[in-house]
Amino acid sequence: MMEMLAKDYMTKDVVTVEIPSGRDDVLRILKRTGISGVPVVKGPEKKLLGIVTRKDILRKPEETQVALLMSAEPLTIRPDVTLSQAADIMTKMNVRRLPVVEGENLIGILSVSDLVGAVAKLRDVREIRDGFVSKRTYALWEETPLPVVGRIMELAHTDAMPILNSENKLTGIISERDLIRCSSIEDDVQTSDFSTGTDDDEWTWESIRDNHTISYG
């Protein structure tokens with residue numbers, strides 16, 4: 001991986017959002033594409049402002065504005081960084097993706113999936129039990145409420161957890177992607193009627209009162 005460069009393995013057609021945008025815009029992208037993070041950019045040159053991840057949305061479920069949801073000034077790499085260097089950054093900083101920039105402009109993104117694809121081409125014959133298995137893990141009871149699951153995963157700094165039943169038997173695994181897929185976007189429209197006149201205004205006749213109707217989501 002010392003000779004493999006980020007520019008040759010990064011995703012170039014990056015899905016992004018611009019400011020101003022809302023949480024629901026990001027949720028739709030995450031659900032549609034299955035990706036775990038969306039860069040936030042500005043202008044046609046795609047100046048990188050931040051990134052919104054599944055963790056950000058799960059951590060701030062009441063926040064609706066991308067500007068307040070995003071992690072500003074994210075870690076970035078240049079296109080000539082080697083995959084070995086990128087992997088080292090991801091491991092030490094515990095991130096799953098690195099925006100690739102030229103100056104301040106986004107030109108691609110390198111994710112864990114991209115690294116896995118590159119590793120697959122190395123034909124590494126080592127077995128996973130040779131120091132590649134994480135022996136410390138956490139498990140969840142299958143009847144744990146989803147909001148609690150999200151909080152536990154955040155505290156445990158993990159992206160997925162095995163699920164056990166009451167007999168301590170493995171029944172599945174849940175990931176952040178599952179939590180996003182189960183989330184819902186609710187739209188509701190209300191109507192408000194008001195007038196510029198008041199009952200205390202002797203010059204306002206009911207027949208000519210200036211009425212307004214506003215519909216809001």
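In which sense, parallel or antiparallel, do β8 and strand β9 pair, and over how many bridges? To find out, select residues 160-164, which make up strand β8, together with residues 170-175, which make up β9. These two strands pair in the antiparallel sense over five bridges, where two strands are said to pair if DSSP finds at least two bridges between them. Helices (H or I, at least four residues) and strands (E, at least two) are DSSP runs, numbered from the N terminus.

Before going further, keep in mind that this is a predicted model, in which local features need pLDDT of at least 70 and side-chain atom pairs count only at pLDDT 80 or more, while totals for chains, interfaces and linings use all residues. Residues are numbered from 1 along each chain as its sequence is written, and side-chain values use heavy atoms, with hydrogens and water left out.

**Stop one: the strands**

Stay with β8 and β9 and pick out proline 162, whose bridge partner in β9 is isoleucine 173. The two strands form a hairpin with five residues between them, and in the turn you can select asparagine 168, which has a positive phi of about 60 degrees. Now add strand β7 (residues 140-141), which pairs with β8 in the parallel sense over two bridges; here tryptophan 141 has leucine 164 of β8 as its bridge partner.

**Stop two: helix α5**

Next select residues 83-93, helix α5, and colour its buried residues, Leu83, Ala86 and Met90. Seen down the axis of α5, these buried residues fall within an arc of 60 degrees, so they line one face of the helix; the arc is that of the directions from the helix axis to the C-beta atoms. Buried means under 20% relative accessible area, exposed over 50%, and partly exposed in between (1.4 Å probe, protein chains only). On the other side of α5, Thr91 and Lys92 are exposed. To see what the buried residues pack against, show α1 (6-9), β5 (97-102), β6 (105-111) and α6 (112-120), with contact meaning heavy atoms within 4.5 Å. After α5 comes asparagine 94, whose phi is positive, near 55 degrees.

**Stop three: salt bridges**

A search of the whole structure finds 13 salt bridges, each being a side-chain nitrogen of Lys or Arg within 4 Å of a carboxyl oxygen of Asp or Glu. Begin in helix α2 (residues 23-33), where aspartate 25 and arginine 28 lie three residues apart, about one turn of the helix. Their closest N and O atoms are 3.6 Å apart, and aspartate 25 is partly exposed at 34% relative accessible area, as is arginine 28 at 39%.

Then move to helix α3 (residues 54-59), in which arginine 59 and aspartate 56 are three residues apart and form a salt bridge with closest N and O atoms 3.2 Å apart. Aspartate 56 counts as buried at 3% relative accessibility, whereas arginine 59, at 38%, counts as partly exposed.

Arginine 59 also meets glutamate 154 in a salt bridge (3.3 Å, N to O). This pair links distant parts of the chain, 95 residues apart, since glutamate 154 lies in helix α7 (residues 146-156). Glutamate 154 is partly exposed, with a relative accessible area of 23%.

Finally, select Arg54, Lys55, Arg96, Asp159 and Glu176, which are linked in a network of salt bridges.
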